Amino acid sequence: MKTYMRFFLAVLLAAPCAAQTPTESDYYRIETVPIPQDIVLEVGGMTFTPDGRLAIATRRGEVWLVDNPTIAGGTAPHFQRFAHGLHEALGLAWHNGALYTAQRSELTRLVDTNGDALADHYEAVYSWPLEGNYHEYSYGPLIRTDGSMVVALNLAWTGYGASLSAWRGWMLSITTDGQMTPIATGMRSPAGMGLTPEGDLFYAENQGDWVGSGYITHVEPGDFVGNPAGLRWTSMPESPLDLLPEDIPDMGQPLFEVAHEVPALKPPAVWFPHTILGISTSDIVPDTTDGAFGPFTGQLLVGDQGHSKIARVYLEKVRGVYQGAAFPFREGFSSGVLRMVWDPEGGLMVGMTNRGWASTGRAPFGLQRLVWTGRTPFEMHTVRAKSNGFAVTFTQLVDRASANSLASYAIESFTYKYHSTYGSPPIHVETLPVRATLVSDSGMEVQLVVDGLREGYIHQVTLAGVQSETGLPLLHDTAYYTLNRIPENESIEAASDTPMVRLSVPRDTSPEGASRDVDHILSVGTLPGLRFDTESLTVTAGSRIALTFDNNDDMLHNLLVVQGDSVDAVAIAALRLGLRGHDMAYVPESEAILAHTGLLEPETSQTIYFRAPVTPGEYAFVCTFPGHAATMRGILRVE
């Protein structure tokens, strides 16, 4: 018996298992910074002061100074309130000996004149009009290399994005003496801004009307970056462009095609496919740590508030235009990631909030620190465009057999509609054959010969079969490359074939001709903060039900009726639909789903007809749009 047990244990320990495969936490560790119980730290902005203290602006209108935020020596940080009475500060920067923050209606300078770590001078540097709409957020400032400050102004929401007062939907440059210059317009919800190591300005956009999915865009003076609402103010003398709202076609063409007709329209540099790389793009931070944070120096880290995670971006310029690849990087933060800043020790401080902006991280707010453990993950380091394919570099040597196999690769291209409707499904999806692979002599690069590259399209590059020389799979095996320009005279040699793949179609539970004789007429609407307007519904067993879902919110939702003990599993399955999710209305194939609506645009409704279960008990209704299921759920009681 002892011999058998030793043999069994030896086999068990030698066999590969999921626990032996490294995860994100093996390479990048999340540390939680303790926050005193009496402080509501809904982070809106963060920066470090010259003396090493972390300054944090909150959505509650306070600014806190934090000593020892990295918890060095195991000592708890110390919090001191520096300022209060502000109106939803959503940015913070140290500049010329003072802290600057963007409130709802002004850029404010906060000065400690006597050195007691309390602001005793609040100065309005520049003010802009405010109509009082809840969606009129203001972000910034970002300090540019020339010393100017940049703020970005969110559109209002009135059933669609609206610029109700001057410069809403614009990015503005402001000097310390209050001189304002409009830079560009077309912003809808510009929650994040950042500079590349070279000093080029980027902003992060969120899905909505005229915005099919989140993205980051290079911004230069006179650019129009997508949403026409801000064009209302181009007749003002300060405007750097004269485009008008009526100049923008609303035909649902891809944005890249419309840009050929409207030269002022600048397409995104890098798209973040909706629900795959996040749902609420936020801060942009370049890795300037010179290796202290791992192997990705010079690349961008981009936060996502709704999915409580961070993506990584490799940028390149092709024919003078920015484009590049977005990769998953680190998920699992405790709340919605809104702000990020490097600490003096090379860690990344991550400030979070989710009030009214629900997130997969369930905590209402938080402060965490992301630290490199010193281990190098097996990842795609870069994806670069070639005339007829892509060149992929890695962080470790690849296994040549797996890297040479065509079966290790799959590539699809797709884009989104550019229209006044909220969001867009992926459209024009095509599978692109990988014809050949070329592994470099160094074993650190693979070149892929790909048929059918399309300018203006997102290319999903999946390397599921590639392993490292030591047998590890890629930590993240998919990249999303936005191909704005195909390089010239940079070809790879070609040959070979791969099969085509087609996506499945969504199920329809409300076919034409369904019975309209009902026993219960029910309705469900929405409330702010990603909630249904009712927590429970009651019906009789086996009854015929007409349920109307009224999406009176400002974002996309669906409603599924499911077995009560399966709601979490169904929500996770919806999240994993990936590129197929929108086409399937985020309704996965599951026997636990009893009925469902489609994916509803804002200010629309749908009525579904179904029979209640014959077994009494508690069932559930839930929105399975990724990131919403945590709070958008209720109980269907069957009696």
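This is a chat between a student and a tutor about a predicted protein model.

Tutor: Some ground rules: residues are numbered from 1 along each chain as its sequence is written, and side-chain values use heavy atoms, with hydrogens and water left out. Since the model is predicted, local features need pLDDT of at least 70 and side-chain atom pairs count only at pLDDT 80 or more, while totals for chains, interfaces and linings use all residues.

Student: How do you know how confident the predictor is in this protein?
Tutor: Look at pLDDT, the predictor's confidence in each residue, from 0 to 100. Its mean here is 91, and 93% of the residues reach 70 or more.

Student: And what makes residues 1-19 stand apart?
Tutor: Their pLDDT is below 50, and beyond near neighbours in sequence the stretch has two contacts in the model. A contact means heavy atoms within 4.5 Å. Residues 494-515 also stay under 50, with 35 contacts beyond four places in sequence. Where pLDDT is low, the predicted coordinates should not be read in detail.

Student: Why is a pocket called a pocket and a cavity a cavity?
Tutor: Both are sets of points on a 1 Å grid over the protein atoms alone: in a cavity a 1.4 Å probe fits but cannot get out, whereas a pocket is an open set with protein on both sides within 12 Å along at least five of seven lines. Residues count as lining if they have an atom within 4 Å of a point. Grid points are joined across faces, edges and corners, and a volume is the space filled by probe spheres set on the points. By that recipe, the largest pocket has a volume of about 1,100 Å³.

Student: Which residues lie nearest the centre of the largest pocket?
Tutor: Of the 43 residues in its lining, those are Thr-275, Lys-309, Glu-331, Leu-575 and Arg-576. Elements giving two or more residues to this lining include strand S22 (309-318), strand S23 (321-331) and helix H5 (567-575). Helices (H or I, at least four residues) and strands (E, at least two) are DSSP runs, numbered from the N terminus.

Student: What classes make up the lining of that pocket?
Tutor: Ala, Val, Leu, Ile, Met, Phe, Trp, Tyr, Cys and Pro count as nonpolar, Asp, Glu, Lys and Arg as charged, and the others, Gly among them, as polar. Sorted that way, the largest pocket's lining has 18 nonpolar, 13 polar and twelve charged residues.

Student: How many cavities of 30 Å³ or more turn up?
Tutor: Two, in a search of the whole structure. The largest cavity holds about 50 Å³ of space, and its lining includes Pro-273, His-274 and Tyr-586. That lining has six nonpolar, five polar and no charged residues. The second largest holds about 40 Å³, with Phe-256 and Trp-271 among its lining residues. Here the split is six nonpolar, three polar and no charged.

Student: How do you know that S33 and S34 pair?
Tutor: Two strands pair if DSSP finds at least two bridges between them. Six bridges join S33 to S34, so they pair, and they run antiparallel. One of the bridges links Gln-460 to Tyr-480 in S34.

Student: What makes S20 and S30 edge strands?
Tutor: Each pairs on one side only. They belong to an open antiparallel sheet of eight strands, in the order S20-S21-S22-S23-S34-S33-S29-S30.

Student: Where do S28 and S32 fit in?
Tutor: They sit in an open sheet of four strands, ordered S27-S28-S32-S31, with antiparallel pairing. Five bridges join S28 to S32, and Gly-389 has Val-449 in S32 as its bridge partner.

Student: What is the omega of the cis peptide bond between Gly-140 and Pro-141?
Tutor: Omega is about 5° there, and Pro-141 is found in strand S10 (residues 138-143).

Student: And what is notable about the phi of Asp-290?
Tutor: Phi is near 55°, a positive value in a residue other than glycine. Asp-290 lies in the loop between S20 and strand S21.
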